[in-house]
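Hi,

Here is the structure I promised to send over. Have a look at it first, and my notes follow underneath.

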Amino acid sequence: MKKVRSFIVGSAILTVATGAVMSSPLVTFAQNESAGKGGFGQRARMHRFSGGGAPLISIALKHRSELNLSNEQVAGLEKIRTHYQDQSAPLHQQVRGIEGEISQLRQQSPANLIQIKEKIEQSEKFRSELRYLREEALENGKSILTAAQKDQLKSLVGSEHREFRKRQGPTPKQS
């Protein structure tokens, strides 16, 4: 029984420690820098069709005239965007609440690692659902666009990304 308890506590400590270290802004920035992504690597990657779910639908709607979107395409993209926002808003709120609970649990001395682990797992379920909803919205949005519009959208996103990076200034040199 002691071995099982030790294993559970050890696993919880390792999970929390790893999560705390990996989610720190410094580590995230360092990982992005080492991958050549700059401090905004996740956001930059999100602008690809295969990526983590950028606001591609919003970008397409912003550039509706350049993409020659029909009224039906605009209405379809707006419907997808609204549906995604309606579904994701409560999930984002849940994640924020759980993260607040985790923060409160960390403040206790000693921290209840079992509760912290449960909250982390609960949060990850919501994050997983958010990720799926994002992918679903992207796929639905892509199905509305023609192949030429998809190619043009990729080009527009690339130029917007380059403009954003110019405004941010040069990224620090790697050693």
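A helix here is a DSSP run of H or I with at least four residues, and helices are numbered from the N terminus. One thing to keep in mind as you read: this is a predicted model.

Let's start with Ser123, which sits in helix α6. Is Ser123 buried or exposed? With a relative accessible area of 1%, Ser123 counts as buried, because the cut-off for that is under 20%. Leaving aside residues up to four places away in sequence, Ser123 touches Val95, Ile98 and Glu99.

Lys117 is also found in helix α6. Its relative accessible area is 28%, so Lys117 is classed as partly exposed. If you want a distance to check on screen, try Lys117 and Ile102: their C-alpha atoms are 8.8 Å apart in space, with the two positions 15 residues apart in sequence numbering.

Now for helix α7, which covers residues 147-168. How far apart should the ends of α7 be? At 1.5 Å a residue, the 22 residues of α7 should span 32 Å, and the C-alpha atoms at its ends are indeed 32 Å apart, so the two values agree.

Which residues of α7 are buried? They are Gln149, Leu153, Leu156, Val157 and Gly158. These buried residues pack against α4 (56-62), α5 (71-107) and α6 (113-144). After α7 comes Gly169, which has a positive phi, near 90°.

Cheers

Notes: Residues are numbered from 1 along each chain as its sequence is written. This is a predicted model: local features need pLDDT of at least 70, side-chain atom pairs count only at pLDDT 80 or more; totals for chains, interfaces and linings use all residues. Side-chain values use heavy atoms; hydrogens and water are left out. Helices (H or I, at least four residues) and strands (E, at least two) are DSSP runs, numbered from the N terminus. The expected span of a helix is 1.5 Å times one less than its number of residues. Buried means under 20% relative accessible area, exposed over 50%, partly exposed in between (1.4 Å probe, protein chains only). Contact means heavy atoms within 4.5 Å.
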